[in-house]
Amino acid sequence: MSRLVVISNRVSDPRKVAAGGLAVALGDALATSGGLWFGWSGKIVEGGASGEGELHQQRAGNVELVTIDLSREDHDTYYTGYSNQALWPAFHYRLDLADFGSGFFAGYQRVNRLFARKLAPLLRDDDVIWVHDYHLIPLASELRSLGCRQRIGFFLHIPLPPPPILAAIPGHEWLMRSFFAYDLVGLQTHEDADHFARFLVGEAHAERLPDGRFSAYGRTMRAQDFPIGIDVDEFQGLAESAESRETEATLKQQYAHRRLLVGIDRLDYSKGLPRRLRAFRELLDNYPENRNSATLIQIASPTRESVDAYADIRHELEGLAGEINGTYGELAWMPIRYMHRTWARKRLPGLYRAAKVALVTPLRDGMNLVAKEYVAMQDEDDPGVLVLSRFAGAAEQMREALLVNPYDIPATAQTIQRALQMPLAERRERHAALLKRIREYDVHAWRKDFLGVLAEAAPPPPVV
Ligand code: F6P
């Protein structure tokens with residue numbers, strides 16, 4: 001059986017309870033099959049080092065973790081710069097926030113080349129290579145130029161915008177050409193796959209072959225959607241932890257006569273948090289029965305704080321939370337409990353279970369696994385209600401959630417009110433349908449599906 005080699009910017013020990021969506025999904029995938037996981041060590045080498053830091057190798061169960069340090073300059077241009085100030089905003093439809101600053105692009109190319117140079121000697125001829133996310137789009141072409149002929153797949157965890165947005169990215173021709181070094185490109189949603197196909201044909205003049213593959217630059221590549229899921233059983237198992245039980249019990253006791261809503265996000269402008277708070281304020285304005293009763297716990301974990309747009313969103317959100325609490329708060333009740341910190345993952349199930357409503361209202365999101373985790377954690381006899389943005393990738397699958405347009409604040413407030421008032425029978429019916437779907441296509445099905453299609457997309461290279 002071929003070995004699985006996963007490459008992502010972030011790497012985490014799959015035996016530990018991790019925090020982020022990608023790290024959790026990859027940890028699950030690798031722990032099942034075993035293999036090698038390669039990426040950045042999380043360490044920045046200061047003082048003009050070349051960035052060619054030594055490799056760190058560590059075994060974690062059946063997974064070999066290999067990581068590499070980055071120099072300050074490489075980190076600032078490749079990760080903070082091109083990945084998170086150019087590609088992240090552009091791929092989330094925010095060209096207004098995109099900075100295609102000088103040096104970013106060169107840093108992005110340099111680190112992808114560095115990754116390829118360090119990884120190539122560790123590869124076996126029959127490895128299956130799976131590259132993840134926007135930081136590493138050109139990695140396959142760098143590997144190919146070093147002579148790697150293995151099957152290589154790529155999965156994009158963030159949205160892929162429509163062709164005119166992609167076409168505004170300086171150097172997009174090079175970026176799109178890089179995709180053709182892969183055998184399979186996976187996207188989160190049908191909509192993303194459609195945008196990609198239109199871009200390939202319209203801008204890269206790729207030919208769409210009868211079997212659905214695309215041909216350009218002398219290579220053929222398959223592209224399709226694989227909506228990422230969660231490990232439902234593993235997550236439900238977390239609910240048994242002492243921390244989760246304690247969180248649930250405390251919150252249920254505190255809110256026995258009130259209603260609790262929850263939002264859990266990284267503090268990213270794509271998550272639509274200021275609009276969410278405005279919708280909550282509108283709920284208190286328009287439906288006064290919620291005053292002295294409904295409380296929103298909003299956890300916003302710090303992220304990418306050296307980027308201005310993230311500092312701006314933090315100030316806006318903190319101003320709004322203060323204003324809403326100042327206007328409506330009582331001695332014994334505050335409408336918003338806002339926390340700007342990362343929460344232990346093992347406490348999350350308790351929080352999800354205590355909340356009657358979850359607000360997952362990004363302006364744009366690749367998938368959003370919080371939506372799936374909330375559903376997984378509900379009591380089937382008395383489930384809470386998911387209010388979900390139609391612009392989250394999860395909305396393509398989770399049609400039984402209450403879908404909202406987060407830009408329409410009054411309509412969002414009205415939908416939150418509907419969620420709070422929803423009769424038990426309807427809650428059960430919607431929840432059962434959602435749970436069934438996230439179980440059917442969980443993270444294991446996602447991995448098997450992707451790797452199955454990758455195996456068919458290209459013949460295994462001859463072993464010499
Ligand atoms: O949404 C893309 C993503 O890579 C997630 O999978 C992950 O949780 C998040 O971004 C983490 O971002 P960073 O690695 O920049 O902290």
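# Exercises: helix pairs, two sheets and a cavity

In α2, Glu73, Asp74, Asp76, Thr77, Tyr78, Gly81, Tyr82, Ser83, Gln85 and Leu87 touch Phe104, Phe105, Gly107, Tyr108, Arg110, Val111, Asn112, Leu114 and Phe115 of α3, where contact means heavy atoms within 4.5 Å. This is a predicted model, so local features need pLDDT of at least 70 and side-chain atom pairs count only at pLDDT 80 or more, while totals for chains, interfaces and linings use all residues. Residues are numbered from 1 along each chain as its sequence is written, and side-chain values use heavy atoms, with hydrogens and water left out.

**Exercise 1.** Work out how α2 and α3 cross, and what classes of residue sit in their contact.

Step one, the elements: helices (H or I, at least four residues) and strands (E, at least two) are DSSP runs, numbered from the N terminus. Helix α2 covers residues 72-91 and helix α3 covers residues 104-119.

Step two, the geometry: their axes come within 8 Å and cross at roughly 115°. Axes here are lines fitted to C-alpha atoms, for helices over the stretch in contact, and angles run from 0 to 180 degrees between N-to-C directions. The α2/α3 crossing is left-handed, i.e. the near helix is turned anticlockwise from the far one by less than a right angle (clockwise would be right-handed).

Step three, the classes: the contact of α2 with α3 splits into nine nonpolar, six polar and four charged residues. Ala, Val, Leu, Ile, Met, Phe, Trp, Tyr, Cys and Pro count as nonpolar, Asp, Glu, Lys and Arg as charged, and the others, Gly among them, as polar.

**Exercise 2.** Trace the ten-stranded sheet and find its edges.

Start with the order: β3-β4-β2-β1-β5-β6-β7-β10-β9-β8, an open sheet with mixed pairing. Two strands pair if DSSP finds at least two bridges between them. Next, the ends: β3 (55-60) and β8 (207-208) each have a single partner strand, so one side of each lacks a neighbour in the sheet. Now zoom in on one pair: β1 (residues 4-10) and β5 (residues 128-132) run parallel, joined by four bridges, and Val5 stands opposite Ile129 in β5.

**Exercise 3.** Do likewise for the six-stranded sheet, then place its helices.

The order reads β13-β12-β11-β14-β15-β16, open, with parallel pairing. At the edges are β13 (336-339) and β16 (402-404), each pairing on one side only. On average, neighbouring strands of this sheet are turned by 20° against each other, direction ignored. Strand β14 (residues 357-360) pairs with β15 over four bridges, and Leu359 has Val387 in β15 as its bridge partner.

Then the helices. Helix α10 (residues 273-286) packs on the sheet, touching β11 (259-266), β12 (294-301), β13 and β14, and its direction makes about 175° with that of β12. Helix α14 (residues 409-421) lies across β11, β14, β15 and β16, at about 170° to β16.

**Exercise 4.** Describe the largest cavity and the helices α13 and α15.

A cavity is a set of points on a 1 Å grid over the protein atoms alone where a 1.4 Å probe fits but cannot get out, and lining residues have an atom within 4 Å of a point. The largest one holds about 90 Å³, the volume being the space filled by probe spheres set on the points, which are joined across faces, edges and corners. Its lining has 14 residues, with Gly384, Val385, Leu386, Arg430 and Leu434 nearest the centre. Two or more lining residues come from each of α13 (369-376), β15 (385-389) and α15 (424-440). Finally, α13 meets α15 through Lys372, Val375 and Ala376 against His431, Leu434, Leu435 and Ile438.

Conventions
1 Å grid on protein atoms, 1.4 Å probe; cavity = no way out; pocket = protein on both sides within 12 Å on 5 of 7 lines; lining within 4 Å.
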